[in-house]
Amino acid sequence: MQSENVDQAIQNFPSVDVIMPTLNSARTLEMALESIIKQDYPGEIHIYIIDGGSSDTTIDIAKRYGAHIILQKGIYMHGKDGAYNLGIKRSNSQYILRMDSDNVLVEESFLKNMIYPLIADSSINLSVSLSTTGPNSTCYERFASMLDQKQLIEIAMKGIKHGNYYIVNDMTIGLNNCTVFRRRDYEVIGNFISDISFFTALREKGLSKAAINPECHYIHYGVPSYLSVLKKMNKRVKRIPRIIEDYDLSNLNGTSDLPPNQPITIKSYLRAIILNFMDIFRHGKKIYLCGFLLALVPIIVALMHPISMSKIYFGYLRKLAFNKGK
């Protein structure tokens with residue numbers, strides 16, 4: 001639905017809470033916050049910055065944009081006691097926009113068009129946007145965006161079109177950045193431990209009906225270089241054991257903390273690497289070389305942390321086997 005039709009359909013848009021974890025995020029934070037305050041949104045927008053102990057100008061930037069700042073040194077982005085959980089529990093609007101500090105909302109009508117399907121149909125649980133790339137996006141960011149768009153468009157086309165968005169009765173891929181969800185659904189689940197576990201729990205409870213908005217885009221400036229990819233994955237390997245400790249299978253009635261319908265096996269992973277390598281020759285474009293290099297990152301990190309990676313991988317397989325044996 002076009003913006004003008006949205007205005008005619010609903011006069012009073014509800015307030016929205018934007019939950020954004022930060023840690024030394026000055027490089028991209030101002031762009032992210034600027035894109036929020038420029039939103040042509042009739043309701044109130046409350047920005048919650050949950051900072052893990054930044055030593056740069058992150059806090060100064062957040063204050064300049066009037067954000068609610070929650071300081072919790074050492075806090076993890078995910079986990080039972082993580083930044084997303086803390087921010088959601090400190091806020092109170094009925095709609096929540098999950099957004100990282102390196103995300104930028106593209107259209108000024110982004111939030112309006114994302115919230116509209118949730119207001120128009122109370123049975124919709126998620127409003128999903130598509131990633132895109134900006135003029136300064138790296139090859140790795142362009143490749144990730146290309147995959148994201150391909151997956152979501154394929155799912156959207158299987159749904160029912162309503163104006164400019166598609167309704168899908170059951171999303172089958174995880175929770176991407178800049179997704180809007182309802183507080184009532186969060187309260188049913190009880191925790192935002194990780195993207196995957198929260199999304200899996202939503203599906204477990206039958207709360208995965210989604211509106212996919214092909215005209216709502218965000219830019220993810222999260223991969224400035226290949227070295228940054230390695231550093232990011234290295235940090236995740238260190239943090240995942242903490243998240244796993246927070247995660248209790250009983251919370252999800254035994255559901256595996258894995259992407260639905262996408263079991264992670266060595267065979268499927270190696271197949272993905274081979275396909276990415278073949279795409280380099282099929283298409284002859286640099287972006288596919290970047291995709292192949294990204295596919296190699298887990299192998300490089302596994303060689304750096306063989307014990308931790310083995311524990312994580314076989315821990316996931318045990319959960320998957322437990323779920324199948326129910």
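Begin by selecting K73, which sits in the loop that runs between strand β3 (68–71) and helix α4 (83–90). The structure on your screen is a predicted model, and K73 is a useful place to practise reading it. With a relative accessibility of 77%, K73 counts as exposed, because a residue is called exposed when that value is over 50%. Now add D51, G52 and G53 to the selection, since K73 touches these three residues once residues up to four places away in sequence are left out of the count. If you then add S54, you can compare two kinds of distance, for K73 and S54 are 19 residues apart in sequence, while their C-alpha atoms are 8.2 Å apart in space.

**The whole chain**

Zoom out and colour the model by secondary structure, and you should be able to trace twelve helices and ten strands. The protein has 326 residues, and 52% of them are buried. If you switch on a surface display, the accessible surface you are looking at comes to about 15,700 Å², with 55% of it belonging to carbon and sulfur atoms. Among the contacts in the protein with a separation of 6 or more, 76% are between residues 24 or more positions apart.

Next, colour the model by pLDDT, the predictor's confidence in each residue. The mean over the protein is 83, and 81% of the residues reach 70 or more. Select residues 247–263 in this view, where the pLDDT is below 50, although the stretch has 50 contacts in the model beyond near neighbours in sequence.

**Salt bridges**

How many salt bridges does the structure hold? There are nine of them, and this tour stops at several, beginning with K112 and D40, whose side chains meet with a nitrogen-to-oxygen distance of 3.1 Å. This pair links distant parts of the chain, for K112 belongs to helix α5 (residues 110–120) and D40 to the loop between α2 and β2 (45–51), 72 residues apart. Is each partner buried or partly exposed? K112 is buried, with a relative accessible area of 1%, whereas D40 counts as partly exposed at 42%.

Move on to K209 and D121, which form another salt bridge, with 3.7 Å between the closest N and O atoms. Because K209 lies in the loop between α8 (195–204) and β10 (210–220), and D121 in the loop between α5 and β6 (126–132), this pair ties together parts that are 88 residues apart in sequence. D121 is partly exposed, at 22% relative accessible area.

**Along helix α6**

Now select K150 and E154, a salt bridge in which the closest N and O atoms are 2.9 Å apart. These two residues are both in helix α6, and because they are four residues apart there, about one helical turn separates them. E154 is partly exposed, with a relative accessible area of 45%.

Keep the view on α6 and select the whole helix, residues 139–156, so that you can check its length for yourself: at 1.5 Å a residue its 18 residues should span 26 Å, and the C-alpha atoms at its ends are indeed 26 Å apart. Which residues of α6 are buried? They are C139, Y140, E141, F143, S145, D148, L152, I155 and A156.

**Two loops with a positive phi**

The following two stops concern the backbone angle phi. Most residues other than glycine have a negative phi. Select N24, which is not a glycine and yet has a positive phi of about 50 degrees. You will find N24 in the loop between β1 (16–22) and α2 (26–37), where it counts as partly exposed at 38% relative accessibility.

Then select C178, another residue other than glycine with a positive phi, here near 55 degrees. C178 is found in the loop between β8 (165–168) and β9 (179–182), and at 0% relative accessibility it counts as buried.

**A nonpolar patch on the surface**

For the last stop, select I274, L275 and M278 with the surface shown, since these residues make a nonpolar surface patch of about 240 Å². L275 is found in helix α10, which covers residues 266–283. With a relative accessible area of 31%, L275 is partly exposed, and the value is enough for a place in the patch because patch residues need over 30%.

Note on methods
Residues numbered from 1 in each chain as written. Predicted model: local features only at pLDDT ≥ 70, side-chain atom pairs only at ≥ 80, totals over all residues. Heavy atoms only, no water. Patch = residues over 30% accessible without salt bridge, like charges linked within 9 Å, V, L, I, M, F, W, Y side chains within 5 Å. Areas by Shrake-Rupley, 256 points an atom, 1.4 Å probe, with all protein chains shown as cover. Salt bridge = Lys/Arg side-chain N within 4 Å of Asp/Glu carboxyl O. Buried < 20%, exposed > 50% of the residue type's maximum accessible area, 1.4 Å probe, protein only. pLDDT = per-residue confidence, 0-100. Contact = heavy atoms within 4.5 Å. Expected span 1.5 Å × (residues − 1).
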